[in-house]
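Good morning, and thank you for making the time. Please have the sequence and the model open while I speak.

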Amino acid sequence: MRTDVVEDAARLIGAARGLYVRDPEATGVLDELERRLHEPLRLAIAGIVKAGKSTLLNAMLGEQIAPTDAGECTRVVTWYRYADTPSVTLHPHDGPPRRLPVRREEGKLVLDLGDLSSDDVDRIDVGWPSRALRSVILIDTPGIASLSRDVSARSAVFLAPEDAPSSADAIVYLLRHLHPSDLRFLEAFRDTAAGASRTVNAVAVLSRADEIGSGRIDSLLSAGKVARRYELDGGLASLALAVIPVAGLLAEGARTLRESEFAAFRDLAALERRDRERLLVSADRFGRPADFVKLGEQKRRDLLGRFGIYGVRLATSLIRTGATDSSDLAERMVQHSGLNDLSNFISVHFGPRAETLKVRGVLDGLDRLLRERPRDGSEPVSAGIERIRANAHGLRELSLISQARVAGLPLPAEDATAAVRIAGGDGIGAAARLGLPESADAGTVGTRVMSELDRWRAASQSPLTVRAAVEVCRIVIRSLEEIASEVGGARADETPADIMLSGGPVYGSGEGTDQEREQHETALPG
Ligand SMILES: Nc1nc2c(ncn2[C@@H]2O[C@H](COP(=O)(O)OP(=O)(O)OP(=O)(O)O)[C@@H](O)[C@H]2O)c(=O)[nH]1
Ligand SMILES: [Mg+2]
């Protein structure tokens, strides 16, 4: 979606302001929607309690900011946005926001609710000068399906409120074993987030992946197999775009690796094979006294806390196979953790669609305001919302991808797969959409896009194509036209698919199409 759609949405918010001149609450909602439109994408991290959400968030930031493990603050929805200087603001349900001191202990940010309990707090806003936050707002949410129904409900209300659009644009959902409550939650998120344009904007993470193979060195391979199985699970496939195994603790530890830790791993790698194997046989053994190793017990326990037994085994093995310094080791550990796969997925699937997803959330919010506080003269704003929803091609692509996952497309299987790919289901770049290698040159892309255009145009006009399939063809054709104009291979005089196919008779029989053409031809002068 091009930024003009963001501008269109901003204009609608401006028009809505005129309806609510003497309504400060509604004006507040509009201010918030306007802010959302110009901010980065809001990506929430959710999942069951202790799934490793906060650890993963830290890994993504490359800093230990989000509190992990126990503590009242892990029960509060916490926003992490880019800011030039660190700040922490607590928003209670009642009363004005409070600035909290920015305090770090052993590198970790301390979020202290003071005299308040998590029940009293609506959210905490953390401003942080982290490069990663320039393009995304990360939202850490309390564990769902926890023993505490209240905490669980807090996440549900935030991410999947009834009768209201979600506050998040997209979600990274952590699961450890596929549980019915995971599916229920993702379903609720999809349905609320979907609004008028049912979209799938969730990616699942098989978290704490190192524990799946009990911390053995091949744990991530086992986790990969489990993830593939979940991905094919009928229930999950319609709710999440992919299932990616990630060892968050390993990634967090690697991205914040200290020189002293590298030195400790080097000592372990230098041990005699027999001693090394004896020590690394289990987490329990690794943390117990051992006179044959220089590294003290406490230091070893600290390593376990930071990296897990899998991380310790992996780091030792990576040094033995060539990691030369701390940054080299860190990079290799991150690569093994699955974090890069997740980051790539987010940048391919959510990054380029950020504006589409934001506009969708903003339109849903505006729609809700108009419904809850009806005002005379609101029709043009409502009509504007519908117009953007119907015409914003990015939104229609997302709906198509979602429809394919939820209900299937009314096309033969091969064409359905191709339609999803062209709509950006496997990545938003021209080559990915056309099923070409990333390295394909402009000429190859240009040739392929024109042949695809011919094929899909023919399909859309075939008398054998049912009406529902023609709708899909229209979206695919429009996506192809956008690629064609990007690579300069567009036939500039070509009528856009939307206009060409919007006349009813084209959907009818073959004769209808010919008849139309005849009428058109006879109408031409001369
Ligand atoms: N082995 C292993 N442990 C992990 C991993 N990720 C997190 N943990 C541990 O799991 C515990 C919980 O991690 P958190 O990141 O606080 O989990 P959370 O989902 O944010 O927890 P809540 O917010 O309380 O629901 C901590 O002790 C982490 O060290 C991982 O990838 N591997
Ligand atoms: Mg947490």
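Residues 193-198 have pLDDT under 50 throughout, pLDDT being the predictor's confidence in each residue, from 0 to 100. The model nevertheless gives this stretch 16 contacts beyond four places in sequence, a contact being two residues whose C-beta atoms, placed from the backbone, lie within 7 Å. Residues 489-526 also have pLDDT below 50, with 29 contacts beyond near neighbours in sequence. For the protein chain, the mean pLDDT is 84, and 87% of residues reach 70 or more.

This is a predicted model, in which local features need pLDDT of at least 70 and side-chain atom pairs count only at pLDDT 80 or more, while totals for chains, interfaces and linings use all residues. Residues are numbered from 1 along each chain as its sequence is written, and chains are lettered from A and ligands numbered from 1 in the order in which they are written.

I turn to the ligand. Around ligand 1 there are 19 residues, of which G52, T55, T68, G143 and L249 come nearest; near means a C-beta atom, placed from the backbone, within 6 Å. Two elements, α3 (53-61) and α8 (248-255), give two or more residues to this shell. Helices here are DSSP runs of H or I, at least four residues, numbered from the N terminus. The largest share, three residues, comes from α3. By class, the shell holds five nonpolar, eight polar and six charged residues. Nonpolar means Ala, Val, Leu, Ile, Met, Phe, Trp, Tyr, Cys and Pro, charged means Asp, Glu, Lys and Arg, and the others, Gly among them, are polar.

How do α3 and α8 cross? Their axes come within 8 Å at roughly 35°, and the crossing is left-handed. Axes are lines fitted to C-alpha atoms over the stretch in contact, with angles from 0 to 180 degrees between N-to-C directions. Left-handed means that the near helix is turned anticlockwise from the far one by less than a right angle. On the α3 side, T55, L56, N58 and A59 meet G248, L249, A251, E252 and R255 of α8.

Next, the pair α2 (residues 24-38) and α15 (residues 354-372): the angle is about 170°, with axes 9 Å apart. The two helices are therefore roughly antiparallel, the term for angles over 145 degrees. From α2, A26, V29, L33, R36 and L37 meet K358, G361, V362, G365, L366 and L369 of α15. Seven nonpolar, two polar and two charged residues make up that contact.

Terms used. Angles under 35 degrees count as roughly parallel, over 145 as roughly antiparallel, 65 to 115 as roughly perpendicular and the rest as oblique.
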